[in-house]
Structure formats: C-alpha cells, structure tokens
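Biologist: I am new to this structure and would like a close look at a single part of it. Please take one sheet and describe how it is put together, then place it in its surroundings.

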Amino acid sequence: MSLELATHNGNSAEEATRASSPLAIRGMTVSYGQKPAVFSVDMTVEPGKMTAIIGPNGAGKSTLLKAALGILKPLAGTTTVFGHSVHTQRDRIAYVPQRASVDWDFPTRVIDVVLMGLYPQLGLLGRVRSQHRSKAQACLARVGMEDFATRQIGQLSGGQQQRVFLARALAQEADLYLLDEPFAGVDAATEKAIINVLKDLRDAGKTVVAVHHDLSTVAEYFDNVFFINTRRVAEGPVATTFDDTNLQSAYGGRLGGAQMDALRPVHTG
Amino acid sequence: MITDALLLQLGYNATLVTLGAALLGMAAGVGGTFLFLRKRALVSDAISHATLPGVALAFMVMVALGGDGRNLVGLLSGAALSAAAGLLVVSWLSTRTRLAEDAAIGSVLSVFFGFGIVLLTVIQTMSAGRQAGLEGFLLGSTAGMLRADALVIAFSAAATLALVLILRRPLTLASFDPDFATSTGQNVTRTDLAMMGLVLAVTVVGLKIVGLILIVALLIIPPVTARFWTDRTDRVVLISGLVGGVSAYVGASMSAALPDMPTGPIIVLVGFALFVVSLLLAPGRGVVSAVLRHRAYQRQVHLRQGLLALAHGQPIYERMTLRLLRRQGWALPDGVATPDGRGRATRALRDETRWQVIRSDPGFEAAAALYDGLTPIETVLTPDQIVEVDSRIMARSEVSA
C-alpha cells in the first residue's frame, strides 16, 4: 500500500503528511454537465489548525467540500479523512451546510435541530433521553442560544439560524469540522460569537475548515489558507501564502489596487 | 344504520374492512407527512395513476391463465409493478433529462392512466372473467369485499405503518437537510427510495378502498391538516396519522352502511372537512386566530402609540387611537389624558426606554427577539433584570446630564 503510494508520488515524506491529515483530497474533479467546477484539486489540511478555503464566486469552494463528503459525486478523485476512507470516518466529521440550503419553515424546534446531530448515535429506534437533551442544551449554550431551545426555527434571524447549525455540529463531537460559508449574511456580533467557538475548537486540538468570503478577515481568523479557482492555486500558512501574487492569481487579476491595499496592512501587520 | 356502521355493528366482514381502512388511513397520513415535508407530494399522484394498466393487465393475465380475474393479491401485484415502472420513469425523466419533475409527473400520470383506460375498455369487450368490479379500483369500493381481502389490506397497512415509524429519523433528516444527512453517512438516495416504496405500498394497498384517483388526497390532506396544529415534526406525524385514520374509518363505515356509495370520495370529504376546520380554527396558524390576533395587535399598537403621544404631550390625530383611549378611560374626547391615562403614559414611556437598553445589549438577545414594543416588560424579564436595566438607564442619564 505505502509502496504503491510512494511510487505514485515519489515523495514518501509528503505521503506521510497526507496519511495523518484530517482531510486529504487528491485529484478531485467535479463537473456540472461538461464544465468542470473543480478540476484535479489536491488539498492536504493541517491537523489542529483553522483553514480558510477562499476564491471568487463559482470557484468551486463549496463544491470541493461537498465532493469530499460524498454529497456530490466527483468524476475523479479520492478523499481520505485521518488516513482512512471518508465512509469509515463519518463519526469524526461534522459538516455545517450553507444556511440557505434548508427550508426554515420546516416544522421543527431549535432543540430538535441540535438533536439531529445525535441521530447517528441514537440509531433508528434509540430513545431521546434526558442526557441527550441536556447535551443539546449545552451545545446551544456554547453558541449563546440556550434560551431559544423551544422556539420554532422559522422565528430565528439569519445569525441565529447559523448558530443553531453550529450547535448541531458541536453535538456531533467531531474531530474535523467542515463549514460552508459560516459567516454569510450574519451580523458582526454573530460572526464574533461563531469565530470564538471555532477558535475554542481549534485550541482543543480539533481541525476546522471553512469556506470563507471576506478577504479582510482571513488573516485575523485563520491559520492556513487554501486558494482555489476551479484549480488549486496555493495552499499554506496565512503568513507566507496570503499574498498579492496568490490573491491576483486566484481572483484572476480582478481585485483592484484599492482592494489590495485594504488587505495589505492585515497580512503584513 | 350509519351509527351502527360507526360503532362497528354491521357484522364481522364490514368491521374488518372498516378497521383495515383505518389502519390504511393512518399509514397514509404518517407516510404522506414525509412526502409532504420532502416536497414531493405530487409524485404520489403519478404513482397512483400508474397502477391502472397494472390492474388491467393482471386481470387479463389471470383470466388468460384460466383463473379468477378478480383475485385481489394478483391485481395488487400487477398494480405495484406498473406503479413502480411509472415511478422509475418519473425519476429517470427528472434526473437524466432536462425535464423538471412536475413535467415528468404530468406525462407519466396521463400516459399510464390513458393506457389503463384503454385496457379497461378492452376488458369490457371480453366475454370471460366476470369483469364487473374492476371500476371499483377507480373510486374505491368496500361493498362486497371478501374477508381474505380485508385481512390482506389490514396486515399490509399495519406493516407499512410500522416501517414508516421505524424509518422516521432518516426520513426527517432527508427531508430537512439532505446534505447534512449525507455527511453523517446516511444514504439519502436510498432513504428517498424507501419513502417512495412506502408510498407505493400505501397506494397499492389503498386501491380497493380509496381508489386510485383519490388516494393522493389521503396522502396529502392529513399532513397539511396536521401542519395547522403544531410546529414539531413528531406531532405533525402523529396528528396526520390520526386525521388519516379517522377519515378512512368514517368513510369506510359510511360506505358499508349506505348501498352504492363509493368509499374514496367519502373518505376524502371527511378528510377535507377536518382540513377546513383546522384551516379556520387551529390556534396559532388558523385563519380565525390569525385575524383575531391581528386585530388585537392593532388595538395594542394604537393604544401604545396613543400613550406615548400623551407622555410626550403631543396631540393625537388618529381617530381610532383616540376612540380606543377613550374607551379605556385613559383620555377625554378632546385628547387630554385622564389621571389614569397619565399614569399609564408615564409607564409606557419608561418601558420604551427599558426596551431600548435591552435591544442594544446582546446579553438580552433572547428577550430582545420577543420585542414588539408592546409586550409588558415583566413577562419577558425577571425582576432582577429589570432592576439592572433601570440602573443602566440611571447611569446613562447621569452621564448625559
């Protein structure tokens, strides 16, 4: 096995990194019709770090995450999670979909959504006991939503919906957290609450990967950055990778001088 | 006669049929809930109409083989096969071609149903096989149902109901958030397939009782009715099963009591009556309660705005506001506050100031979400919190002074 991999890549040290990586994607290609949304992308996520996936609209950020999880069927490519097939590691993964992907008029309460994070553990017929409820309640408290437990989800604001999704992910007690645009359409206070929870997870040794849009907060929030524009552009620590060259190359030179200037103090300072 | 039927006094066979129908109604209500939540209610219409050619072909095959063309298990097997074929065509058309699902449903429904009608016409010209009774599959008929048939229906309905209840968690997850479901390792395609299989089972089992034209109503009316009463998935499932069970029970017993009365339409009408009652009278989501709530809210808004105007010494221009204030005894006809009105105006102003503090502090987020500018503050905050808010108001006014 290892020999085969080594001949494939010719670099056994890199293979070792891949094998221990919480999320390693190789040769991933996903296409809608005949147009590839993600083309032959490799990604190796560093354990215990917060990684931002950034790139312009339609660059395949969400698609890459979904394909890695098997939500979309890739044309080619493999995903390993902690060195094993993703299918065997489901209980170590927590995925937070885009808020807009579900119908918030669905007849369910906040606490019920968080309890969904415990469904794999409960199985088909396991009863929801008070220990499960108090765990769900504790997860809601971590995102500051404990008073909303019995509200209908349709009554929540966008930021509150996002925090409920995050609470559900916390209930899963995973080692790898994958978030699809967790800051989309939320106010500054919510963004701060969410980033604090994510940093706590990172400090507890968990790995966090988030699709991110706001270039001005990348350096402040994340340790590592992964640039994508259908193809992989660059990957590495924010300090060395989040620079003008990579930004211009990911965004196809569409960032104006003023926008670049706005980013500069953040990553040089 | 009808009371006899409702009280299961019409003899063993009729009782069995009625109970079988009730079980079927429950299975349809519970299964239909997930169809409704998954927003695929109309697929069941394609499934049910696609049963007709299967029924007709099964009849022809059984007659050709020299048997009794009306064997229920044989007919239902034919129905299941052609319904499954219809379902496959719908899902193939909507996933593999550019046709949207509604167009696929429309084409499959009409083509299969038309083909079935042609086959029925052919059967009517056949001399053999005692074809009378096949039309019963269109609108449902419990008259003259055999004991064995009733047992088949009752057992299949019970088994379907049990299966839906066992699968309720994956079904809920696939309906609410299929991407998350997949990320936890659930095979959503398989869950959808299971849901369609269950709907197919309900449809086929219900053919004899409700008929293929109206079975879709038994799958859709109960969950839609239940949705008026609750915001919780488990309760929607429960109430929907109840509505389906009651509709089918009443419909089947009335059809057994009254000769020549088709079962399906009665079941649907009973379900519809429950729907109308819920639409109008359900607390919270019902129409009447919404109108009343709106009126009460409007009165509250006018009173509060009037009080704040009084507190600021502003004139009241709106006649409705003045009328309401006068009726409460808070203002005189010329818009001047009564002593009682002055006290209330001061309190309204104080609450308004408190609300401003609450809304500006994320620590009060849950309370602020309830904010409508009208709720008595004591119902949202504890006395301790009110004291804290007041002390902040004091501090603020000292700073500004």
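**A sheet in chain A**

Modeller: A:Y177 stands opposite A:V208, a residue of β8(A). This is a predicted model, and that pair is a convenient place to start. Strand β7 of chain A covers residues 176-180 and strand β8 of chain A covers residues 207-211; the two run parallel and are joined by five bridges. As a general point, the strands of a sheet pair through backbone hydrogen bonds, and the pairing is either parallel or antiparallel.

β7(A) is also joined to β6(A), again in parallel, here by four bridges. One of the residues involved is A:V96, whose bridge partner in β7(A) is A:L179.

The three strands belong to an open sheet of six strands in chain A, with the order β6-β7-β8-β3-β9-β10 and mixed pairing. At the edges are β6 (93-96) and β10 (231-237) of chain A, each of which pairs on one side only. On average, neighbouring strands of this sheet are turned by 15° against each other, if direction is ignored.

In a regular strand, side chains alternate between the two faces of the sheet. In β6(A), A:I93 and A:Y95 point one way, while A:A94 and A:V96 point the other way. All four of these residues are buried, although β6(A) is an edge strand.

What lies across β3, β7 and β8 of chain A? Helix α8 of chain A, residues 188-203, does, and its direction makes an angle of about 145° with β8(A).

Next, the surroundings, beginning with the nonpolar cores. The largest nonpolar core has 173 residues, and those that touch the most other members are A:V114, A:A167, B:L24 and B:A27. Helix α2 of chain B, residues 12-37, gives this core its largest share, 16 residues. Apart from this core lies another, of 11 residues, which include B:L307, B:L322, B:L325 and B:A348.

On the chain A side, A:A167 touches A:V114, A:C139, A:L140, A:R142, A:V143 and A:M145, leaving out residues up to four places away in sequence.

On the chain B side, is α2(B) mostly enclosed or mostly open? Of its 26 residues, 23 are buried, so the helix is largely enclosed by the rest of the structure. Its length also agrees with expectation: at 1.5 Å a residue α2(B) should span 38 Å, and its end C-alpha atoms are 38 Å apart. Just after α2(B), B:K39 has a positive phi of about 60°.

The two chains touch through 26 residues of chain A and 21 residues of chain B. On the chain B side, α9 (168-176), α10 (178-183), α13 (233-257) and α18 (365-369) each supply at least two residues. The largest share there, four residues, is that of α10(B). By type, the chain B side consists of eight nonpolar, six polar and seven charged residues.

A last residue in chain B, B:L139, has its place in helix α7 (residues 136-139). With 17 other C-beta atoms within 10 Å, B:L139 is partly exposed, because a residue counts as buried only at 20 or more. Beyond its neighbours within four places in sequence, B:L139 is in contact with B:G211, B:I213, B:L214, B:P262, B:G264 and B:P265. B:V63 is 76 residues from B:L139 along the chain, and their C-alpha atoms are separated by 23 Å.

Notes:
Residues numbered from 1 in each chain as written. Chains lettered and ligands numbered in written order. Predicted model: local features only at pLDDT ≥ 70, side-chain atom pairs only at ≥ 80, totals over all residues. Core = buried A, V, L, I, M, F, W, Y, C linked by C-beta atoms within 7 Å. Buried ≥ 20, exposed ≤ 12 C-beta atoms within 10 Å, placed from the backbone. Contact = placed C-beta atoms within 7 Å. Expected span 1.5 Å × (residues − 1). Nonpolar A, V, L, I, M, F, W, Y, C, P; charged D, E, K, R; others polar. Pairing = 2+ DSSP bridges. Axes fitted to C-alpha atoms, helices over the stretch in contact; angles between N-to-C directions.
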